[in-house]
Amino acid sequence: MSETRFTKDHEWIRLDGTVGTCGITDYAQQQLGDVVFVELPEIGRKVAKGEQTAVVESVKAAAEIYAPVGGEVVATNAAIVDEPAKVNAAAMGDAWFFRLRLADPREFAALMSDAEYQRFVEGLQ
Amino acid sequence: MTEDALANALRTPLYNLHLELGARMVPFAGHAMPVQYPTGILFEHRHTRDRAGLFDVSHMGQVRLLGAGADIALERLVPGDIVGLAGNRQRYTQFTEAGGGILDDLMVTRREGDLLLVVNAGCKAADVAHLKAALEPAVRVELLSDRALLALQGPAAAAVLARLAPGVERLAFMAADAVKLAGIECWVSRSGYTGEDGYEISLPGESASDLARRLLSQAEVKPIGLGARDTLRLEAGLCLYGHDIDRTTSPAEAGLAWSIGKRRRQQGGFPGAARIGAELAHGPARRRVGLLPQGRQPVREGAVILDAEGNAVGRVSSGGFGPSADRPIAMGYVPAGLAMPGTPLGLEVRGKTLPAAVARLPFVAHRYHRD
């Protein structure tokens, strides 16, 4: 069964085997507002944990998306490039950004659980 | 920091209504203002273009000038023709400084007994000090801090407002009058900041919430936040003070020559007249232009503008996504030789150069009410 973990920068990563699917949280999409542009990484790019990997822009603001863990980009979601508004509609689901083959599973284990992230967000409000 | 700024911010008379409507409040020019409602900026923008949007712009400064000769006196500070302004008519102008830069931009209306000025929120304290220093005691300067300002904008605005005050639909563009709306004595002008037909309504702060609720009860009207106000004015090619115009830009560079009448050009007598007069006669060294970036990536304020050889030649002063244009749009300053529509330029975003072209302003045609 897959497990989802979270970063303080409001990314989520769902681990299936050694591949993690990454996106932004519902809180992040709400804060951004209407998303109008997404830039995704090249497949094959190797990224370190915390490295800027994608960009999401709303009408109001631009935000960088950081790799929740280190690894290699093995897939990207072209659907959100064609239709950026999907990020608002399904941030935690279909509107994932990229998939990473993890370099070190311990980095995943160190991220926040769902409950920890919910408490973290409550602390921001 | 944002939370502190918000907690310490001034509140307009509609503050509680904004919260009730679910607005996201942000600090803006010292005021807690709605940046958007739950409907979101794209919806609010499109709704204003399609039907009618209600904006709280009570943070703006409303200033009265009283005394005989107030018009002549004000002309010492602005390049606009104020003496030639007819009664119940409104005109756009700027406070200029000796070097020709812009201290603020404003609307001036001649009323019976006074001139009514509407100035930017972020500049109002400085503007009032500037006015007092230059005009008192011959002219009295009064900041109307107890009045609210609402804007009703969009193609349905006239029909909506006429339901409350039959006849208001006949008010001409840039005309103004005293109008009773829902039993409240208001001062209404046919003007706005969206490129659409619409009205701006000045009224006592204590009545603002009643009128706003009455307007929002009309089927065509939705509340609109500052986010959509910005995208609407950007598409309309209108300047935002502190971004597209400031002390480093002159009215001629900013493309505001249309707001300086013939008599003022000939006679001068306003701060910066020497520089501005020369620019009007011979053309300024640089100009504010529209910019269309290729592709879908928004280009925002501060992005460096490059010429075809890759030399930095200017900066984007405002930019983002235009919901009605359905593409990224921007404005910025370029050397006069690169200001022709169609001129190819580059825009630097996150280390990459996006191809762009100079575009005619506005990006979305104005639909003001003209008979």
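**Group meeting: strands, cavities and the interface in a two-chain model**

I'll start with a hairpin: strand 17 and strand 18 of chain B form one with four residues between them. In its turn, Asp326(B) has a positive phi of about 55 degrees. Before going on, please keep in mind that this is a predicted model.

Staying with that hairpin, strand 17 covers residues 312-322 of chain B, and its pairing with strand 18 is antiparallel, over six bridges. One of the pairs to look at is Gly322(B), whose bridge partner in strand 18 is Arg327(B). Strand 18 also pairs with strand 15, residues 286-293 of chain B. Those two run antiparallel as well, joined by six bridges. There, Arg287(B) has Val334(B) of strand 18 as its bridge partner.

How many of the nine residues of strand 18 are buried? Seven are, so this strand, residues 327-335 of chain B, is largely enclosed by the rest of the structure.

There is another hairpin in chain B, made by strand 6 and strand 7, with five residues between the strands. In this turn Gly100(B) has the positive phi, about 100 degrees. Strand 6 and strand 7, the latter being residues 102-111, are antiparallel and share seven bridges. Tyr92(B), for example, has Met107(B) of strand 7 as its bridge partner. Strand 6, residues 90-96, is mostly covered, with six of its seven residues buried.

Now two helices of chain B. Helix 3, residues 41-50, has seven buried residues out of ten, so the rest of the structure largely encloses it. The buried set is not purely hydrocarbon in its side chains: Ile41(B) and Leu42(B) are in it, and so are Glu44(B), His45(B), His47(B), Thr48(B) and Arg49(B). To count as buried here, a residue has to fall under 20% relative accessible area.

Helix 6, residues 157-164 of chain B, is mostly covered, six of its eight residues being buried. Those are Ala157(B), Ala158(B), Val160(B), Leu161(B), Ala162(B) and Leu164(B).

Next, empty space inside the model. Rolling a probe the size of a water molecule over the atoms shows where such space is left. How many cavities of 30 Å³ or more does the structure hold? It holds two.

The largest cavity has a volume of about 60 Å³. Its lining consists of Leu14(B), Leu17(B), His18(B), Leu21(B), Tyr37(B), Leu54(B), Phe55(B), Asp56(B), Ala212(B), Leu216(B) and Pro223(B). By class, that is nine nonpolar residues, one polar and one charged. Helix 2 (15-20), strand 4 (52-56) and helix 7 (205-216) of chain B each supply at least two of the lining residues. Strand 4 gives the most, with three.

The second largest cavity has a volume of about 40 Å³. Around it are Pro34(B), Tyr37(B), Phe55(B), Asp56(B), Val57(B), Ile224(B), Gly225(B), Leu226(B) and Arg229(B). Two or more of these lining residues come from strand 4, and two or more from helix 8 (226-235) of chain B. The class count is six nonpolar, one polar and two charged. If you compare the two lists, Tyr37(B), Phe55(B) and Asp56(B) appear in both linings.

On to pockets, where I will show the second largest. About 210 Å³ of space lies in it. It has 16 lining residues, and the closest to its centre are His31(B), Ser58(B), Lys124(B), Ser145(B) and Arg147(B). Strand 1 (10-11) and strand 5 (61-66) of chain B each contribute at least two residues to this lining. The lining holds five nonpolar, seven polar and four charged residues.

That leaves the interface. The size of an interface is often given as the accessible area lost when the parts come together. Here chain B and chain A bury about 1300 Å² between them, with 50% of it on carbon and sulfur atoms. Which three residues supply the most of the area that chain B buries against chain A? They are Arg24(B), Arg300(B) and Arg350(B), with 40% of that area. In terms of contacts, 17 residues of chain B meet 15 residues of chain A.

Last, one residue in chain A. Asp114(A) sits in helix 5, residues 114-124. Its relative accessibility is 42%, so Asp114(A) counts as partly exposed. Setting aside neighbours within four places in sequence, Asp114(A) is in contact with Thr4(A) and Phe6(A). Thr4(A) and Asp114(A) are 110 residues apart in sequence, yet their C-alpha atoms are 7.1 Å apart in space.

How values were computed:
Residues numbered from 1 in each chain as written. Chains lettered and ligands numbered in written order. Predicted model: local features only at pLDDT ≥ 70, side-chain atom pairs only at ≥ 80, totals over all residues. Heavy atoms only, no water. Buried < 20%, exposed > 50% of the residue type's maximum accessible area, 1.4 Å probe, protein only. Pairing = 2+ DSSP bridges. 1 Å grid on protein atoms, 1.4 Å probe; cavity = no way out; pocket = protein on both sides within 12 Å on 5 of 7 lines; lining within 4 Å. Points joined across faces, edges and corners; volume = space filled by probe spheres on them. Nonpolar A, V, L, I, M, F, W, Y, C, P; charged D, E, K, R; others polar. Contact = heavy atoms within 4.5 Å. Buried area = accessible area lost by both parts, 1.4 Å probe.
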